[in-house]
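Reader: I would like a close look at one part of this model, followed by an account of what surrounds it. Please keep to what can be read from the atoms.

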Amino acid sequence: MEKYASLRPELLIDNMFVPGQLFYVPAESKDKIFALAPSIGVSTGSAPLPKPIERFRQLAAALGADTNSSQVTQAKARFDKAAQAVRDAVAANKGIKVLAASASPDLFYASNPGKNSDLMYYRELGVDVIVPEKLDKDGYFESLSWENADKYQADVIILDSRTQALQPKDLGDKPSWKDLPAVKANQVIGWQPEPVFSYTGCAPLLEQLAQTLKNAKKII
């Protein structure tokens with residue numbers, strides 16, 4: 001709080017994955033935080049990727065940015081090209097099933113493409129992202145014990161790469177992880193569930209996905 005107050009903020013901008021809740025604002029200190037500056041929440045859940053990107057573009061324009069600059073135009077062109085590359089990869093390599101997941105010491109989370117902004121968009125582009133059956137109260141994922149980590153069989157796993165999540169190198173003592181078909185086939189890539197919602201921030205994610213789908217082997 002002291003550090004935030006010392007910055008003398010004039011505006012706080014944050015993602016909203018759950019309506020009415022700014023993602024990076026702790027609930028226990030939100031009243032003190034909101035008293036220091038006005039806040040804006042951009043809905044980044046339950047909306048496919050282009051929508052929050054466009055909303056941030058509108059916000060940038062309202063704050064005085066030149067959103068028609070060559071830099072922005074080029075970034076959007078790269079984003080659109082990457083999206084088409086995903087469509088082309090799906091068409092060229094049919095039937096690849098993808099599981100979006102996150103790992104913790106005790107649980108393996110299967111993420112829902114009906115809520116996560118990027119996963120929603122991947123499905124719109126034709127990617128077969130597995131839909132978990134028993135979701136948490138906010139609808140973002142299903143929590144699985146490591147004994148049940150094989151509930152959803154996938155050709156490719158995109159695994160949460162945030163610092164709070166365990167990475168493949170950390171999962172060597174989980175036999176159920178090593179036995180997953182995608183892991184055995186070395187078809188696991190990083191996933192950023194909280195991307196930078198801009199064309200520049202998201203184009204590389206689409207490019208990586210397109211390359212992965214293009215090269216993936218059908219194993220289930």
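With which residue does Lys97 form a salt bridge, and how far apart are the closest N and O atoms?

Author: The model is predicted, and what follows should be read in that light. Lys97 pairs with Asp128, and the closest N and O atoms of the two are 3.0 Å apart. Because Lys97 lies in strand E3 and Asp128 in strand E5 (residues 128–129), the pair ties together parts that are 31 residues apart in sequence. Both ends of the bridge are partly exposed: Lys97 has a relative accessible area of 30%, and Asp128 has one of 35%. As background, side chains of opposite charge can pair when their charged atoms come close.

The other salt bridges give this pair some context. The count for the model comes to twelve. One of them joins Glu142 to Lys151, with the closest N and O atoms 2.7 Å apart. Glu142 counts as buried because its relative accessibility is 4%, and the cut-off for buried is under 20%. Its partner Lys151, at 35%, counts as partly exposed. Another bridge links Asp170 with Lys169, where the closest N and O atoms are 3.1 Å apart. Here Asp170 is partly exposed at 31% relative accessibility, while Lys169 is exposed at 71%. Shared partners also join Glu133, Glu142 and Lys151 into one network of salt bridges.

Strand E3, which holds Lys97, leads on to the interior. Residues 97–103 make up E3, and this strand is among the elements that cover the buried residues of helix H8. The others named there include H3, H4, H5, strand E7 (156–160) and strand E8 (188–191). Within H8, the buried residues are Tyr199, Cys202, Ala203, Leu206, Leu209, Ala210, Thr212 and Leu213. H8 has 17 residues, and from its first C-alpha to its last it reaches 24 Å, close to the 24 Å expected at 1.5 Å a residue.

Helix H4 can be examined in the same manner. With 23 residues (70–92) at 1.5 Å a residue, H4 should span 33 Å, and its end C-alpha atoms are 32 Å apart, which agrees. Its buried residues are Ala75, Phe79, Ala82, Ala83, Val86 and Ala89. An α-helix has 3.6 residues a turn, so residues three or four places apart point the same way. The buried residues of H4 pack against helix H3 (50–62), helix H5 (117–124) and helix H8 (199–215).

These elements meet in the largest nonpolar core, which has 33 residues. The members that touch the most other members are Phe79, Val86, Tyr122, Val127, Ile158, Leu206 and Leu213. At least two residues of this core come from each of H3, H4, E3, H5, E7, E8 and H8. H8 gives the most, with seven residues. Tyr122 shows how distant stretches of the chain come together: apart from its neighbours within four places in sequence, it is in contact with Val127, Val129, Ile158, Leu205, Leu206 and Leu209. A second core, separate from this one, has 18 residues, including Leu144, Trp146, Ile157 and Leu180. In soluble globular proteins, nonpolar side chains tend to be buried together.

Some nonpolar side chains are found on the surface instead. Leu11, Ile13 and Leu63 form a nonpolar patch there, with about 250 Å² of accessible area together. Of these, Ile13 sits in strand E1 (residues 12–16) and counts as partly exposed at 36% relative accessibility.

Two loop residues deserve a check of the backbone. Ser46 has phi near 60°, a positive value in a residue other than glycine. Ser46 belongs to the loop between strand E2 (39–43) and H3, and with a relative accessible area of 39% it is partly exposed. Asn186, likewise not a glycine, has a positive phi near 60°. The loop that holds Asn186 runs between helix H7 (181–184) and E8, and Asn186 is exposed, with a relative accessible area of 67%.

To return to the request, the Lys97–Asp128 bridge connects E3 with E5, and E3 in turn supplies at least two residues of the largest nonpolar core.

Methods: Residues are numbered from 1 along each chain as its sequence is written. This is a predicted model: local features need pLDDT of at least 70, side-chain atom pairs count only at pLDDT 80 or more; totals for chains, interfaces and linings use all residues. Side-chain values use heavy atoms; hydrogens and water are left out. Helices (H or I, at least four residues) and strands (E, at least two) are DSSP runs, numbered from the N terminus. The expected span of a helix is 1.5 Å times one less than its number of residues. Buried means under 20% relative accessible area, exposed over 50%, partly exposed in between (1.4 Å probe, protein chains only). Contact means heavy atoms within 4.5 Å. Patches are made of residues with over 30% relative accessible area and no salt bridge: like charges are joined within 9 Å, nonpolar side chains (Val, Leu, Ile, Met, Phe, Trp, Tyr) within 5 Å. Accessible areas come from the Shrake-Rupley method with a 1.4 Å probe; for residues, only the protein chains shown count as cover. A salt bridge is a side-chain nitrogen of Lys or Arg within 4 Å of a carboxyl oxygen of Asp or Glu. A nonpolar core is a set of buried Ala, Val, Leu, Ile, Met, Phe, Trp, Tyr and Cys residues joined through side-chain atoms within 4.5 Å.
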